[in-house]
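Open the structure in your viewer and keep the selection tool at hand. The stops below say what to pick and what to look for.

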Protein chains: 2
Amino acid sequence: MGEVTDKNQSLNEREQSILHHVVYNYIQTAIPVGSRYISKHFESSLSAASIRNVMADLEELGFLSHPHTSAGRVPTDLGYRFYIDYLMEMQQLGDDEKLRIHQQLDQTNDADEMLRETSKLLGKISHQLSIVTSPHLSSGVFEKIELIPITSSKLLVVISIRTGIVRTIMMEVGVEVRRDHLDQVGRLLNERLSGLTLHEIRDSFVDRVRDMQSEQTGLIRLFIESVDQLFTDSKERDKVLIGGTKNIIEHPEFIDPKNFRSVIELIENEDIIVHLLEKHDELQKGFVVTIGAENKDETAKEYSFVTGTYDVEGVTGRVGIIGPTRMNYSKVIPLVDYVAQTIAKMLSA
Amino acid sequence: MGEVTDKNQSLNEREQSILHHVVYNYIQTAIPVGSRYISKHFESSLSAASIRNVMADLEELGFLSHPHTSAGRVPTDLGYRFYIDYLMEMQQLGDDEKLRIHQQLDQTNDADEMLRETSKLLGKISHQLSIVTSPHLSSGVFEKIELIPITSSKLLVVISIRTGIVRTIMMEVGVEVRRDHLDQVGRLLNERLSGLTLHEIRDSFVDRVRDMQSEQTGLIRLFIESVDQLFTDSKERDKVLIGGTKNIIEHPEFIDPKNFRSVIELIENEDIIVHLLEKHDELQKGFVVTIGAENKDETAKEYSFVTGTYDVEGVTGRVGIIGPTRMNYSKVIPLVDYVAQTIAKMLSA
DNA sequence: ACTGAGCACTCGTACTCATTGAGTGCTTAC
DNA sequence: GTAAGCACTCAATGAGTACGAGTGCTCAGT
């Protein structure tokens, strides 16, 4: 409770301590915390009036704010940021929760299914919205391609990645293609593309199959046209799973129907989330926290995102949670981190 | 407005007419309709007092109810039912809307993708929750199976159905299986299962492969164990797509946060919906409307379901909408009906 | 026997107003 | 720099009131 790091900038020890208490309490209770309360419960050595002085300073520095004159203090985004970076103590994940995570995720070996389970799980444990993105296959290493005729005009293309993840795409072909020709094209593609990443393939596909273009059926031409569909992470396909709406709306911030709308908007408008997650990807591997207005989007400016990367031989994706900026970071961050690592392990097994 | 059918039971013409007006108006405005209002706007020949008498009768018969003494009348579930069955006039779908539906659904030829588009579309046009189930493959006719080794211990099973729909399942195999053996098993399965429905296959699979069980790798044994996973519509897999939350919460019924919760509950708890849709399947092909408490589920007792079947050579699924019992049935029913027919056409093309 | 006018009654909604109490900010004394 | 005192602000609460929509019932007219 009283520990204070000093690798920080502008705040002296007392200021840090009081900021800590304000943030901590507000996260727990959702009610603005007043000077008197802190004096009574935490800093008995200081009077309420002194604490008020410090609080006024913290407010001027942008760490705290005031809903209205006669209310207690509430952390700003900057306040949360300082709290997370310097003050907060991570809360170890309980063994029971670890067990629960493993049990839930052990149920299946289908990657998609597992990600769905992950989404449900994160939502329930964290009481926040959960977000799980399917893996970005672009940087995955091509293992092999398989072409399966479905009807005379439809072709199922199965691309498998070294980690054991597969992508299946239904392709419309104009004319009927003979099975042996299909096999032949498949064999050639496998030879030429083996060992490359999907990303590399997309960029160099045309060159690699240039000499094949003269073949009769135009199958290769079709592949060239569809190269983006086959080898790129389209936003359409790489959907993000969002779950746990039921859990999140229990939070007191959602008594106000306005906030209610905003969270629904966020859920329905996946694009916003996808876009903000891209920012997370750019930031770094490992876990990332963005708070409130740090998310450069109007709709998300009252929410925090906590996400972690899972990485299976270069194929990466993100799992995480979204919730009101007032959330239990010290508990949620380790949770997200652990879940990310766990599914990475599961997927590579 | 004034048309009154007489193929009905207990209600005389005047009662029907007034019931009609009450339901119609309440659907439009969401405010309880009073006797005076009807007298003024629709039945000028009758005084408010007379209309009150009729309303009292309708209430006693269970078609109308009273939020409280000094409020107007509101239809009960039974009132809506009578309205839909005998009074309502279907509203033709506009050409612009038909066009919009076609344009949106023409974008893709991937079945899953198309169903997702359908979901979005229905939600937007109807301003209700949209529901779309993926096709029940059980009654589809087996076309062929394809076994594709992914890693040494993982196998992708592709089952294609006559209509061109495919199901892919990732299977864990204990030991490594040689490619030629895989091909051999695949060939045999194709020979023996061809032309049967998945349903038939599930029931008779063990008999049909009895003589193959002695082969070395135990692959057949594995198939027998997984027969449910492969040939049955599991509730896990046959997910129902739900969309349009944003649209539905604009309705005035959702100013009350309690209703808000209930709709979220409904969305999160897909099982409830799946279960209620099964009831729809039992009822009949074509469109089905269930109103409020007709849905045998506590959570759904204030919502109506309107769904239609799409049928592609025996493979069927449902599309539809969910909304407050107060919904514009005369518009929504033709919409659902039309969309169902359209995607059936699209899928079989 | 049906219709409709009149009237008392109910009840939810909206509005005002005073009270309360938490909490601040400032001033002043130590 | 610390704390005590005090005036001030402002949201929340609840009581009181007026309003009005709408019903239910009665009774007179046709």
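## Stop 1: salt bridges within a chain

Select A:Arg162 and A:Glu143: they form a salt bridge whose closest N and O atoms are 4.0 Å apart. A:Arg162 sits in the loop between E5 and E6 of chain A, while A:Glu143 belongs to strand E4 of chain A, so the pair ties together parts that are 19 residues apart in sequence. A:Arg162 is partly exposed, at a relative accessible area of 44%, and A:Glu143 is also partly exposed, at 34%. Keep in mind that this is a predicted model.

Next, pick A:Asp207 and A:Arg210, another salt bridge, with the closest N and O atoms 3.1 Å apart. A:Asp207 is exposed, with a relative accessible area of 52%.

Move to chain B and select B:Asp281 with B:Arg318, whose side chains meet in a salt bridge at 2.8 Å, N to O. B:Asp281 lies in helix H13 (residues 270–283) and B:Arg318 in strand E10 (residues 315–324) of chain B, so this pair links parts 37 residues apart in sequence. Is B:Arg318 buried or exposed? B:Arg318 counts as buried, at 2% relative accessibility, whereas B:Asp281 is partly exposed at 22%.

Back in chain A, select A:Arg81, A:Asp85 and A:Glu294 together; a network of salt bridges links them. Over all chains, a search of the whole structure finds 31 salt bridges.

## Stop 2: where chain A meets chain B

Colour the two chains separately and select the residues in contact: 33 of chain A and 31 of chain B. The two chains bury about 3,200 Å² between them, with 52% of it on carbon and sulfur atoms. Which residues of chain A lose the most area to chain B? They are A:Asn109, A:Lys246 and A:Arg261, which together make up 16% of what that side buries.

Across this interface there are 4 salt bridges by the rule used. To view a salt bridge that joins the chains, select B:Glu146 and A:Arg179, where the closest N and O atoms are 2.9 Å apart. The count of residue pairs in polar contact between the chains is 6, with both residues at pLDDT 80 or more.

Now show the cartoon of chain A. Helix H6 (111–126), strands E4 (142–151), E5 (154–161) and E6 (166–172), and helices H11 (245–248) and H12 (257–268) each supply at least two residues of the side that touches chain B. E4(A) gives the most, with 6 residues. Coloured by class, this side of chain A has 11 nonpolar, 8 polar and 14 charged residues.

## Stop 3: DNA strand C

Select DNA strand C and the 20 residues around it; A:Ser35, B:Arg14, B:Ser50, B:Thr69 and B:Ser70 come nearest. These surroundings divide into 4 nonpolar, 12 polar and 4 charged residues. Helix H3 (48–60) of chain A and helix H3 (48–60) of chain B each supply at least two residues of this surface, and H3(B) has the largest share, 3 residues.

Which part of DNA strand C lies within 4 Å of the protein? Of those atoms, 76% belong to sugar or phosphate and the rest to bases.

Three distances are worth displaying. An N or O atom in the side chain of A:Arg73 is 3.1 Å from a phosphate oxygen of DNA strand C. For B:Ser45, a polar backbone atom is 3.4 Å from a phosphate oxygen of the strand. Finish at B:Arg52, where an N or O atom of the side chain is 3.5 Å from a base oxygen of DNA strand C.

Methods. Residues numbered from 1 in each chain as written. Chains lettered and ligands numbered in written order. Predicted model: local features only at pLDDT ≥ 70, side-chain atom pairs only at ≥ 80, totals over all residues. Heavy atoms only, no water. Contact = heavy atoms within 4.5 Å. Buried area = accessible area lost by both parts, 1.4 Å probe. Polar contact = N/O pair within 3.5 Å; in protein donor to acceptor, adjacent residues only side chain to side chain. Helix = DSSP H or I, 4+ residues; strand = E, 2+ residues; numbered from the N terminus. Nonpolar A, V, L, I, M, F, W, Y, C, P; charged D, E, K, R; others polar. Buried < 20%, exposed > 50% of the residue type's maximum accessible area, 1.4 Å probe, protein only. Near = heavy atom within 4 Å.
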